[in-house]
Amino acid sequence: MLILGIETTCDETSAAVVEDGLILRSNIVSTQERLHLRFGGVVPEIACRAHVEAVLPAVDRALEDARIILREIDAIAVATTPGLIGALLIGLTSAKTLAWLLKVPLLAVNHLHAHIFASKLEFGHSLQFPTISLLVSGGHTSLYLSQSETQHLLLGATLDDAVGEAFDKVAKLLGLAYPGGPEIERIAQEGDPTAVPFPRPYLEPGSLDFSFSGLKTAVLYHYQGLQKIKGRLSKKEIADIAASFQEAVVDVLVNKTLLALERHPVKGVVLGGGVACNSRLRNRLAQALENVPVRLYYPPPVLCTDNAAMVAGLGYYEYLEKNLASLEVEAVA
Ligand code: KG4
Ligand code: ZN
């Protein structure tokens with residue numbers, strides 16, 4: 001079964017073809033990073049307009065790469081929630097139109113669950129649920145007990161900033177480019193993660209929720225304090241702040257994942273979302289799980305950040321469960 005996936009929840013326009021839920025035939029990602037660069041974050045109106053221009057060319061290229069024609073598509077999957085409402089509408093309207101035209105089923109996919117599914121594209125049937133899933137992206141930070149590809153019980157989520165958002169804001173403060181996550185990771189390699197004792201926001205004991213806005217403010221105060229004393233910060237001082245901030249975030253993410261595992265002893269941990277690209281997070285989680293009979297799964301970077309392959313793949317499992325969407329289905333921001 002060939003499913004065409006469409007993803008336009010934020011600032012990536014993506015189309016992909018996946019066969020039987022697991023075989024990646026093509027995955028075209030057209031990023032808008034360049035358009036949002038000078039604003040230091042995604043501007044929804046600009047994102048929308050860019051999706052309008054990019055979505056059909058992305059579909060064409062996805063079909064071309066998969067060496068098929070539109071008529072060979074058996075179903076269309078699209079991410080309908082959560083995301084920027086205008087951006088979601090572009091993908092959804094395109095998907096509805098194509099499904100209507102081809103007279104094939106339409107599958108509405110949850111973008112966050114698709115991020116978790118991304119590991120299934122990499123590991124295939126060797127990834128078996130249930131798992132504890134840590135979703136870390138620019139818009140979300142959540143821990144799930146994932147019972148199957150399509151069923152995810154929310155155990156905890158961020159009360160304020162998402163972890164990727166915190167990375168992006170701290171990067172902006174430090175004068176680094178957007179998106180900030182990869183930049184922080186890059187310069188943190190030159191820094192000492194123990195240089196600045198930033199707070200670890202655990203919330204009340206036992207909580208599986210997250211809060212990163214206080215940590216972000218602590219970075220701001222530390223930065224301003226240093227600036228007052230020294231004027232311009234040296235490269236090493238900036239690297240130390242980046243490394244110490246990253247370490248505080250990773251400590252919290254790793255420890256909360258371990259706590260979730262203690263409560264729900266499953267055999268696998270899945271890491272997903274843009275921040276799952278972060279090698280410090282990957283390595284520290286892998287280390288923490290070394291002495292427990294739990295396998296860690298994460299996708300390659302191209303499937304960590306927003307992409308339509310994860311949407312098409314999860315769409316197949318929604319299809320198997322007969323969760324077909326009607327042409328009246330709506331986007332939810
Ligand atoms: O999943 P994603 O592509 O979009 C959302 O659904 O939000 O995630 C984008 C986020 C951005 O905040 C970006 O800074 C962050 O992922 N990110 C990283 C890294 N690569 C991307 N954060 C930390 N370290 C990285 N290597
Ligand atoms: Zn995402």
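Author: Before we start, a word on sorting residues: Ala, Val, Leu, Ile, Met, Phe, Trp, Tyr, Cys and Pro count as nonpolar, Asp, Glu, Lys and Arg as charged, and the others, Gly among them, as polar. Also, this is a predicted model.

Reader: OK, so how do the residues of the shell around ligand 1 divide into nonpolar, polar and charged?

Author: There are 21 residues around ligand 1. Gly counts as polar in this sorting, and Gly 138, Gly 181 and Gly 274 are among the residues that come nearest. The split is six nonpolar, three charged and 12 polar.

Reader: Which element gives the largest share of that shell around ligand 1?

Author: Three elements give two or more residues to the shell: α4 (111-123), α5 (163-173) and α6 (180-188). Gly 181 and Glu 185, both among the nearest residues, have numbers that fall in the 180-188 stretch. The largest share is four residues, and the element that gives it is α6.

Reader: Which domains give at least three residues each to the shell around ligand 1?

Author: One of them is written in two pieces, 2-115 + 304-320, and the other runs over 129-299. So the shell draws on domain 1 and domain 2.

Author: Let's turn to polar contacts.

Reader: What is the distance from a polar side-chain atom of Asp 168 to an oxygen atom of ligand 1?

Author: A polar contact here needs N or O atoms within 3.5 Å. His 115 makes one through its side chain at 3.2 Å, and Gly 138 uses a backbone N or O atom at 2.8 Å. For the side chain of Asp 168, the value is 2.7 Å.

Reader: How much of the accessible area of ligand 1 does the protein cover?

Author: Ligand 1 sits in the largest pocket. On its own, ligand 1 has 560 Å² of accessible area, and the share covered by the protein is 91%.

Reader: Where is Pro 179 found, and what is omega for the peptide bond from Tyr 178 to Pro 179?

Author: Most peptide bonds are trans. The one from Tyr 178 to Pro 179 is cis, and Pro 179 lies in the loop between α5 and α6. Another cis bond joins Thr 81 and Pro 82, with omega about -15 degrees, and Pro 82 is in the loop between β4 (75-81) and α3 (85-102). For Tyr 178 to Pro 179, omega is near -5 degrees.

Reader: Is phi of Asp 20 positive or negative?

Author: Most residues other than glycine have a negative phi. Asp 20 lies in the loop between β2 (12-19) and β3 (23-31). Its phi, near 50 degrees, is positive.

Definitions and conventions: Residues numbered from 1 in each chain as written. Chains lettered and ligands numbered in written order. Predicted model: local features only at pLDDT ≥ 70, side-chain atom pairs only at ≥ 80, totals over all residues. Heavy atoms only, no water. Near = heavy atom within 4 Å. Polar contact = N/O pair within 3.5 Å; in protein donor to acceptor, adjacent residues only side chain to side chain. Areas by Shrake-Rupley, 256 points an atom, 1.4 Å probe, with all protein chains shown as cover. 1 Å grid on protein atoms, 1.4 Å probe; cavity = no way out; pocket = protein on both sides within 12 Å on 5 of 7 lines; lining within 4 Å. Sits in = over half its atoms within 2 Å of the grid points. Domains from an automatic or database assignment.
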